[in-house]
Amino acid sequence: METAALILCLWLQEEQAPVVQGRRSSLSGVCYLTMGLLVLLLGLVFASMYVYRYFFITQLPRESVFHCGVLYEDSLYSPFKGQLELHEDVKIYIEENYEQINVPVPQFGGSDPADIIHDFQRGLTAYHDITLDKCYVIELNTTIVMPPRNLWELLVNVKKGTYLPQTYIIQEEMIATEHVSDMEQLGSFIYRLCSGKETYRLKRRSTRRRISRREAGDCHRIRHFENTFVVETVICKKS
Ligand SMILES: *[C@@H]1O[C@H](CO)[C@@H](O)[C@H](O)[C@H]1NC(C)=O
């Protein structure tokens with residue numbers, strides 16, 4: 001901006017070359033004034049950017065860690081019907097726009113501990129099943145997963161009690177499809193989680209039928225929450 005002003009002034013002086021001395025000096029006076037105003041304007045712009053960053057961005061932590069617990073009614077398996085408890089650690093990265101969830105070995109025996117990343121920038125979710133030490137990747141489902149900012153607000157609001165209000169569980173069923181060899185296409189956050197591990201793409205199974213316990217041998221379950229309800233992600237081998 002300053003350079004542009006300077007060029008404009010030189011050009012004005014050249015154009016006005018044959019004009020008398022008095023006119024010339026008043027012209028350069030106008031130029032100095034313009035430049036002064038521009039510098040002032042730039043200063044104001046930078047100052048307001050700084051104020052904006054200070055008051056609005058630093059208010060949100062770059063990384064927030066929540067230890068969460070939830071009580072839910074297990075309606076999926078009748079023998080286990082009743083109230084269950086699920087714990088997880090949620091890390092929210094608002095600027096980078098992703099969430100990382102760590103599910104320890106759950107109370108419910110049938111599900112696996114896992115690390116999960118929801119990358120909103122890439123629109124991808126990755127599950128690292130710790131029991132199998134395998135990674136599974138699928139498009140992010142925004143009807144199940146709250147965006148970082150909203151999840152952060154939800155968790156800050158329930159932090160006082162550490163428990164979310166009693167809730168319910170939904171099930172989604174996935175089938176592992178092709179092996180992913182080019183890990184870098186998954187973005188740096190998922191890459192960090194999954195590199196060096198066998199990684200597969202997932203496809204959502206459309207038929208809404210429940211998997212019986214008998215045929216569940218080739219399936220693994222991960223129970224997690226990143227919303228006001230619990231999700232059981234069932235990951236099955238392609239048969
Ligand atoms: C997202 O999840 C919901 C609830 O399980 C499901 O009905 C919907 O089809 C899913 N959307 C996509 C794009 O997978």
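## A tour from strand S2 to the salt-bridge network

Select Cys68 first: its bridge partner in S2 is Glu88. Keep in mind that the model on screen is predicted.

**Stop 1: the strands around Cys68 and Glu88**

Now widen the selection to residues 63-74, which are strand S1. Add residues 82-93, which are strand S2. S1 and S2 run antiparallel, and 12 bridges join them.

Next, add strand S3, residues 98-103. S2 and S3 also run antiparallel, with 5 bridges between them. To see the pairing, pick Lys91 and look across to Gln100 in S3, which stands opposite.

Then go to the turn. S2 and S3 form a hairpin, and 4 residues lie between the two strands. Click Asn97 in this turn: its phi is positive, about 65°.

**Stop 2: the whole chain**

Zoom out. The protein has 4 helices and 11 strands. Color by burial: of the 239 residues, 42% count as buried. Switch on the surface, and about 14,000 Å² is exposed. Carbon and sulfur atoms supply 57% of that area.

How many of the contacts between residues at least 6 apart in sequence join residues at least 24 apart? The share is 61%.

**Stop 3: residues 32-52**

Select residues 32-52. The unreviewed UniProt entry annotates this stretch as "transmembrane region". In the model, the stretch is 100% helix and 0% strand. Put a distance label on the C-alpha atoms at its two ends: they are 30 Å apart.

Stay here and show Leu33, Leu37 and Leu40 as sticks. Together they make a nonpolar surface patch of about 340 Å². Leu40 has its place in helix H2, residues 21-57. Is Leu40 buried or exposed? Leu40 has a relative accessible area of 56%, so it counts as exposed.

**Stop 4: Glu173 and Arg205**

Turn to the salt bridges; the count comes to 6. Select Glu173 and Arg205, which form one of them. Their closest N and O atoms are 2.2 Å apart. Glu173 sits in strand S8 (residues 169-179), while Arg205 is in the loop between strand S9 (198-204) and strand S10 (219-224). The two residues are 32 apart in sequence, so the salt bridge ties together separate parts of the chain. Now check the surface at Glu173. Its relative accessibility is 2%, so Glu173 counts as buried.

**Stop 5: Glu232 and its partners**

Select Glu232 and Arg221. Their side chains meet in a salt bridge, at 3.2 Å from N to O. This pair links distant parts of the chain: Glu232 is in strand S11 (residues 230-236), and Arg221 is in strand S10, 11 residues apart. Both Glu232 and Arg221 are buried.

Add Arg223. Glu232 forms a salt bridge with Arg223 too, with the closest N and O atoms 2.8 Å apart. Arg223 is buried, as is Glu232.

Which residues do salt bridges with shared partners join into one network here? Select Asp74, Arg221, Arg223 and Glu232 together, and the network is in view. For a last look, color S1 again: residues 63-74 make up this strand, which pairs with S2.

Conventions: Residues are numbered from 1 along each chain as its sequence is written. This is a predicted model: local features need pLDDT of at least 70, side-chain atom pairs count only at pLDDT 80 or more; totals for chains, interfaces and linings use all residues. Side-chain values use heavy atoms; hydrogens and water are left out. Buried means under 20% relative accessible area, exposed over 50%, partly exposed in between (1.4 Å probe, protein chains only). Contact means heavy atoms within 4.5 Å. Accessible areas come from the Shrake-Rupley method with a 1.4 Å probe; for residues, only the protein chains shown count as cover. UniProt positions are given in the numbering used here, feature names are shortened, and annotations may be inferred rather than shown by experiment. Patches are made of residues with over 30% relative accessible area and no salt bridge: like charges are joined within 9 Å, nonpolar side chains (Val, Leu, Ile, Met, Phe, Trp, Tyr) within 5 Å. A salt bridge is a side-chain nitrogen of Lys or Arg within 4 Å of a carboxyl oxygen of Asp or Glu. Two strands pair if DSSP finds at least two bridges between them.
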